[in-house]
Amino acid sequence: MTDAARFRGRSVWRNKSIEIRTRDKGLCQHCKPMGKYAFNIEVHHIVKLEDDMRLGLVNTNLISLCKACHVMADSGQIEVKVLQDIAAQQEKG
């Protein structure tokens, strides 16, 4: 089992995931500006855990995405900078 997989199984991650979903009002933050309100939300690590475990619980590195956007973000079809800007805006409230 990888460090990232162990991290995702910890209660601290489950609690942080709930916190981020609440912050983002349970909506996909990539779809929302386009007037789409996708639900069935997953929390995405903008900088992947495998690349920097220190960012695993940092709010500005976390964003709520629908399954489709999560897949696109993981494959690089959504730019990291775009996601970072959205997450930073969400933190400002």
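These legends accompany close-up views of a predicted model.

**View A. Lys-16, a buried lysine in helix α2.**
Helix α2 covers residues 11-23, and Lys-16 is part of this helix. Is Lys-16 buried or exposed? Its relative accessible area is 14%, so Lys-16 counts as buried, because buried means under 20%. A polar atom of the Lys-16 side chain lies 3.4 Å from the backbone oxygen of Leu-57. Beyond neighbours within four places in sequence, Lys-16 is in contact with Leu-57, Asn-59 and Leu-62. Leu-57 thus appears both in that list of contacts and as the owner of the backbone oxygen. Leu-62 belongs to strand β2 and is itself buried.

**View B. Lys-25, an exposed lysine in a loop.**
Lys-25 sits in the loop between α2 and β1. Its phi is positive, near 55°, although the residue is not a glycine. The relative accessibility of Lys-25 is 65%. Lys-25 therefore counts as exposed, because exposed means over 50%.

**View C. Strand β2 and its pairing with β1.**
Strands β1 and β2 run antiparallel and are joined by five bridges. One bridge pairs His-44 with Ile-63 of β2. How many of the residues of β2 are buried? Five of five are, and the strand is mostly covered. Leu-62, Ser-64 and Cys-66 point one way from β2. Ile-63 and Leu-65 point the other way. Both sets are buried.

**View D. Helix α3 and its buried face.**
Helix α3 runs over residues 67-74, with Cys-69, His-70 and Ala-73 as its buried residues. Why do these residues line one face of the helix? Seen down the axis of α3, they fall within an arc of 105°, so they line one face. Their packing partners are β1 (41-45), β2 (62-66) and α4 (80-92). Just after α3 comes Gly-76, with a positive phi of about 85°.

**View E. Helix α4 and its buried side.**
Helix α4 has 13 residues. From first C-alpha to last, α4 reaches 19 Å, close to the 18 Å expected at 1.5 Å a residue. Which residues of α4 are buried? They are Leu-83, Ile-86, Ala-87 and Gln-90. These residues cover an arc of only 95° around the axis, which puts them on the same side of α4. The buried residues of α4 pack against α2, β1, β2 and α3. Gly-93 follows α4, and its phi is positive, near 85°.

**View F. The largest nonpolar core and another core apart from it.**
The largest nonpolar core has 14 residues. Which members touch the most other members? They are Cys-28, Cys-31, Ile-63, Leu-65, Cys-66, Cys-69 and Leu-83. β2, α3 and α4 each supply at least two residues of this core. Another core, of seven residues, lies apart from it. Its members include Ala-4, Trp-13, Ile-20 and Leu-49.

**View G. The surroundings of Cys-28.**
Leaving out residues up to four places away in sequence, Cys-28 touches Ala-38, Ile-41, Ser-64, Leu-65, Cys-66 and Cys-69. Among these, Ser-64, Leu-65 and Cys-66 are buried residues of β2. Cys-69 is one of the buried residues of α3.

Conventions. Residues are numbered from 1 along each chain as its sequence is written. This is a predicted model: local features need pLDDT of at least 70, side-chain atom pairs count only at pLDDT 80 or more; totals for chains, interfaces and linings use all residues. Side-chain values use heavy atoms; hydrogens and water are left out. Helices (H or I, at least four residues) and strands (E, at least two) are DSSP runs, numbered from the N terminus. Buried means under 20% relative accessible area, exposed over 50%, partly exposed in between (1.4 Å probe, protein chains only). A polar contact is a pair of N or O atoms within 3.5 Å; within protein, one must be able to donate a hydrogen and the other to accept it, and residues adjacent in sequence count only if both atoms are side-chain atoms. Contact means heavy atoms within 4.5 Å. The arc is that of the directions from the helix axis to the C-beta atoms. A nonpolar core is a set of buried Ala, Val, Leu, Ile, Met, Phe, Trp, Tyr and Cys residues joined through side-chain atoms within 4.5 Å. Two strands pair if DSSP finds at least two bridges between them. The expected span of a helix is 1.5 Å times one less than its number of residues.
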